[in-house]
Amino acid sequence: MLVHIYGAKCIGIDAVKVLCEIKIERGIGIHLVGLGDAAVKESLLRTTTALSSLGYKIPGKKIVINLAPADLHKNGSGFDVPIATGIIAASGQKELPALENYLIMGELGLNGDIRSIPGGLPYAELASKDGLKGCILPLDSALEAVDIKGIEIYGVRNLREVMDILSEEKDCSDLLIWNAKGGRAAGNVNSGANCDIIDFADIIGQENVKRGAEIAISGGHNMILVGSPGSGKSSIAKAMAGIMPPMTMEESLSTSKIYSICGKGDLRQGLVRTRPFRAPHYSASIPAIIGGGGDGIYPGEISLAHNGILFLDEMGQMPRSLIESLRGPIEDRKVVISRLRGKVEYPCSFMLVAASNPCPCGYYGEGDRCNCTPSQRANYLSKLSGPLMDRIDIQVFVKAVSSGELLSKHKAESSATIAERVARTRKIQQERFVSEGIFTNAEMNNRQIKRYCPLDSDCEAFLEDIHEKAGLSIRACMIIIKLARTIADMDGCESINVDHLSEAFSYRHLDKLRNY
């Protein structure tokens, strides 16, 4: 008897259907074909042991298991449950009339329990797009898909519950994730709120840097903070997480899918609602930052920061090869990872926020405190190459806080107040780009810049002047225009004026610093 069960595997952040075919005929042995990795091949022993512990018989015949398409590599332990249900159905031990109506994935324990697997959210999305009645997943994996509507999503704990659903002999509505304990029905929301975020009101001084941070968040612009130790670079970068606007449903879905396929983050209450803030150590490797891995092609930190912030502290201490590897992803907002067995594309539309000292001792620009030679300073900053700095919109030199500011009783603006202004500015951009497929000014290409950032004659003359005198590249000029568009949005202006361009140009501090 031949039976078909629908499974899936993830390629990038999307799932593709895998058809599990099982046929039992005269002969001996169990044969699994279809380019499965070691975890897939080991599923046979796990499956047969689990079936025996639940009282099912292993047919003493030839069992052929094919995972189609045969030329697509399959990996992971998620094919245990499809194989087990297929053997039960093909051997006639139980009638499963609903078998081909569901996408089924899960890892089997030796006692028949079902363990969670990564990728629950993309699997449920695939089942919805393909018109299946629903999907059956381990409970923790199924809870990731609580926001997917229009299909039945079951969260199961053991193989017996899978049999109950597929046999249609019992009412299994209590297994739907909307009725599961700990799910959204219980009133929980995966807000991702972090009570440890620094408030801008607690950061002393640095008003000009805070202004740059607000502009960066408002338009999704990259930013680098260069300054002496203890000047507040890291604190300002971490406080930026507290003024990020909430994600749209589209942004939330794409970010959640990344965390789902790599098994990171708590998605038990549905989609991620707050923007990620990733802060890898400066000793991290290129595969850790860009993506890859020894036994698979997994998302790196730049993809885990998708629609959020990637904070690189002590950027001057990072290997130059790692820093240069960011150039393509920053520009393209996606990364293509090629390995011997395949090529995978991940989205990585992140805001880069970097912090660095200006020299090895860290005190260049602070009076006569620096004891580095000019060549040492030049070598230190040489890691931050011109092509990379061209892609960083806001470059700010952070001065040490003066004693007067330290003792001042002036109360700075809170993050909540700044966040309200950011939200208003982002709403303007959301309405502007509703048909463009982008969300922020920083994502505009040259065509969109011409359409949404027209310049009058005074602005054109100003831009031409700074282009010639400062020796800026065309990319840097385009970035200045996008920054000016964000500043104009913050001011509530429909058009860009010279003041907006002038302020945008003032944030090219590092270009000046590199010329000392």
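1. A good place to start is the pairing of strand E10 (residues 223–227) with E18, which run in the parallel sense and are joined over 5 bridges. Two of the facing positions are easy to find: Met 223 stands opposite Ile 394 in E18, and Ile 224 has Gln 395 of E18 as its bridge partner. Please keep in mind while looking that this is a predicted model.

2. Now step back to the sheet that holds this pair. The sheet is open, has 5 strands in the order E11-E14-E17-E10-E18, and its pairing is parallel. Strand E11 (277–278) and strand E18 (394–398) lie at the edges with a single partner strand each, so one side of each has no neighbour in the sheet. For a newcomer, it may help to recall that strands of a sheet pair through backbone hydrogen bonds, either parallel or antiparallel.

3. Is the edge strand E18 buried or exposed? Of its 5 residues, 5 are buried, so E18 is largely enclosed by the rest of the structure. Both of its faces are covered: on one side sit Ile 394, Val 396 and Val 398, on the other Gln 395 and Phe 397, and all are buried. Thus Gln 395, the partner of Ile 224, is among the buried residues.

4. Another parallel pair deserves a look. Strand E8 (residues 134–138) runs parallel to E9, and 5 bridges join them. Within this pair, Pro 138 stands opposite Val 156 in E9. Strand E9 (residues 152–156) has 4 of its 5 residues buried, so it too is largely enclosed by the rest of the structure.

5. Finally, turn to two helices. The axes of helix H20 (residues 474–491) and helix H21 (residues 498–506) come within 8 Å, crossing at roughly 120°. An angle from 65 to 115 degrees would count as roughly perpendicular and one over 145 as roughly antiparallel; H20 and H21 are therefore oblique to each other. Their crossing is right-handed.

6. Which residues make the contact between these helices? From H20 come Ile 480, Ile 481, Leu 483, Ala 484, Ile 487, Ala 488 and Asp 491, while H21 brings His 500, Leu 501, Glu 503, Ala 504 and Phe 505. By type, the residues of this contact divide into 9 nonpolar, 1 polar and 2 charged.

Terms used: Residues are numbered from 1 along each chain as its sequence is written. This is a predicted model: local features need pLDDT of at least 70, side-chain atom pairs count only at pLDDT 80 or more; totals for chains, interfaces and linings use all residues. Side-chain values use heavy atoms; hydrogens and water are left out. Buried means under 20% relative accessible area, exposed over 50%, partly exposed in between (1.4 Å probe, protein chains only). Two strands pair if DSSP finds at least two bridges between them. Axes are lines fitted to C-alpha atoms, for helices over the stretch in contact, and angles run from 0 to 180 degrees between N-to-C directions. Angles under 35 degrees count as roughly parallel, over 145 as roughly antiparallel, 65 to 115 as roughly perpendicular and the rest as oblique. A crossing is left-handed if the near helix is turned anticlockwise from the far one by less than a right angle, and right-handed if clockwise. Contact means heavy atoms within 4.5 Å. Ala, Val, Leu, Ile, Met, Phe, Trp, Tyr, Cys and Pro count as nonpolar, Asp, Glu, Lys and Arg as charged, and the others, Gly among them, as polar.
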